[in-house]
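Here is a quick walk through a model, written for someone who would rather be at the bench. Have a look at the chain and its ligands first, then read on.

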Amino acid sequence: MTATQRESAHAKINLYLHVTGRRADGYHLLDSVAVFAGAADVLEVEIAARQGAALDLRIDGMFGAGLVGDDTTNLVVRAASALRAWVGADAAALPSLDAVLHKELPVASGIGGGSADAAAALRTVMRAWNLNLPRAELINIATGLGADVPVCLDQVPTRMSGIGEILRPAPVMPQCGMMLVNCGMSVSTPAIFRARKGGFSPAPDLPARWDTLSDMVATLSGLNNDLEEAACEVCPTIREVLSALRAAPGCRFARMSGSGATCFALFDTPEAADLAQDAVARPGWWVWSGDLYRKGCAA
Ligand SMILES: C[C@](O)(CO)[C@H](O)COP(=O)(O)OP(=O)(O)OC[C@H]1O[C@@H](n2ccc(N)nc2=O)[C@H](O)[C@@H]1O
Ligand SMILES: Nc1ncnc2c1ncn2[C@@H]1O[C@H](COP(=O)(O)OP(=O)(O)OP(=O)(O)O)[C@@H](O)[C@H]1O
């Protein structure tokens with residue numbers, strides 16, 4: 001690897017999210033279909049002329065101000081550290097890396113931006129250091145960084161279970177457009193899991209494919225995001241976002257993603273989603289429209 005490596009880290013959208021149980025350590029067992037939107041952060045990584053396997057991170061972009069690059073809690077830095085630990089003593093001979101994160105996705109917003117960054121860092125750093133981790137080891141390291149990191153490694157529609165580490169193919173996706181709206185309030189994932197009331201939901205049977213958006217909407221209408229009610233209690237503006245999306249021309253379906261506050265809406269086409277932007281936009285709201293990220297997806 002010589003030139004700058006550029007990886008896009010796409011927004012993860014939970015089309016539904018059922019909390020199916022709870023582990024002894026407090027983590028929740030989930031069943032969800034995650035898809036990826038065109039909206040993305042971008043991570044650039046370059047090999048530096050120094051050894052020691054350190055990663056120096058600079059951050060810019062629309063949402064970069066809320067994050068500090070030299071913070072060892074940044075998930076990009078933590079991903080590189082986890083790989084360095086996996087290599088062990090030999091890591092001292094590996095080159096250090098200079099990275100820039102263009103942060104375009106809202107932080108702590110239910111679309112896994114930090115998780116997508118961590119997964120992008122794992123992909124790029126493995127290439128830079130020529131590491132061939134067995135898949136099970138990689139999933140293990142990813143899960144240690146966050147429950148959403150494993151699904152972000154491949155960025156294809158995926159059925160997630162366990163706490164997020166068990167990955168299977170999702171139903172084949174139909175053509176559609178998507179809108180994402182965030183009201184500008186950060187929502188803490190652990191706080192929403194804690195605030196959740198009610199029991200557990202079963203994992204549904206899903207078809208192998210959704211040929212049309214109507215097929216997909218029919219399935220999704222019978223399922224839930226089990227974190228939506230708790231998130232709306234903590235951040236009532238989510239209800240306003242959902243109402244605005246459902247009232248938008250051409251909207252076929254709307255729901256909150258992950259632990260919130262970002263909500264998504266489905267449209268017949270990306271163009272239909274683009275056309276509805278003006279009807280949804282409010283001061284201070286982040287609005288994105290376009291297609292699903294479909295790289296690597298089977299037709
Ligand atoms: C809600 C989802 O976005 C759905 O995709 C994810 O499960 C959240 O994944 P994440 O943000 O990567 O979560 P982590 O950083 O691993 O966990 C943050 C906190 O959320 C809670 N948490 C998270 C995932 C999970 N399956 N059960 C949990 O109870 C735990 O309190 C945990 O300490
Ligand atoms: N590179 C990063 N980008 C965003 N957040 C980061 C990053 N590194 C660390 N974090 C921290 O991780 C936390 C979760 O961020 P993230 O944006 O992934 O949340 P989220 O969208 O709610 O994720 P999820 O949908 O997985 O719950 C934030 O509190 C943030 O401070």
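## The annotated N-terminal stretch

Over residues 74-153 the chain is 56% helix and 10% strand, with the end C-alpha atoms 17 Å apart. Helices (H or I, at least four residues) and strands (E, at least two) are DSSP runs, numbered from the N terminus. UniProt, in an unreviewed entry, gives residues 74-153 the feature "domain: GHMP kinase N-terminal". UniProt positions follow the numbering used here, feature names are shortened, and annotations may be inferred rather than shown by experiment.

A word on the ground rules: this is a predicted model, where local features need pLDDT of at least 70, side-chain atom pairs count only at pLDDT 80 or more, and totals for chains, interfaces and linings use all residues. Residues are numbered from 1 along each chain as its sequence is written, while chains are lettered from A and ligands numbered from 1 in the order in which they are written.

## Two ligands and their shells

Let's put the two shells side by side. A residue counts as near a molecule if its C-beta atom, placed from the backbone, lies within 6 Å of it. For the classes, Ala, Val, Leu, Ile, Met, Phe, Trp, Tyr, Cys and Pro are nonpolar, Asp, Glu, Lys and Arg are charged, and the others, Gly among them, are polar.

| Ligand | Shell | Closest residues | Classes |
|---|---|---|---|
| ligand 1 | 18 residues | G146, A147, D148, P190 and G258 | seven nonpolar, 10 polar, one charged residues |
| ligand 2 | 19 residues | L75, G112, G114, D148 and G258 | six nonpolar, 11 polar, two charged residues |

Around ligand 1, β1 (5-22), β2 (28-51) and α5 (189-195) each supply at least two residues of the shell. Domain 1 (5-167) and domain 2 (171-290) both contribute to that shell, so ligand 1 lies between them. The domain bounds come from an automatic or database domain assignment.

For ligand 2, α1 (75-87) and α2 each give at least two shell residues, and α2 has the largest share, with four residues. This shell draws at least three residues from each of domain 1 (5-167) and domain 2 (171-290).

Which positions carry the "active site" feature in UniProt? The unreviewed entry puts it at K12 and D148. They span 137 residues in sequence, yet no two of their C-alpha atoms are more than 8.6 Å apart, so they gather at one spot. K12 itself is in strand β1.

## A four-stranded sheet

Now for an open sheet: four strands in the order β8-β9-β7-β10, with antiparallel pairing. The edge strands, β8 (253-256) and β10 (286-290), each pair on one side only. From one strand to the next, the twist averages 15°. Two strands pair if DSSP finds at least two bridges between them; β7 (residues 177-182) and β9 (residues 263-267) are joined by five. In that pair, M178 stands opposite L266.

Helix α8 (residues 237-247) packs on the sheet and touches β7, β8 and β9, and its direction makes about 10° with that of β9. Contact here has C-beta atoms, placed from the backbone, within 7 Å. Axes are lines fitted to C-alpha atoms, for helices over the stretch in contact, and angles run from 0 to 180 degrees between N-to-C directions.

## Two backbone oddities

Most residues other than glycine have a negative phi, and most peptide bonds are trans. N130 is not a glycine, yet its phi is positive, about 55°; this residue is in the loop between α2 (113-128) and α3 (135-145). G260 and A261 are joined by a cis peptide bond, with omega about 10°, and A261 is in the loop between β8 and β9.

Methods. Two residues are in contact if their C-beta atoms, placed from the backbone, lie within 7 Å.
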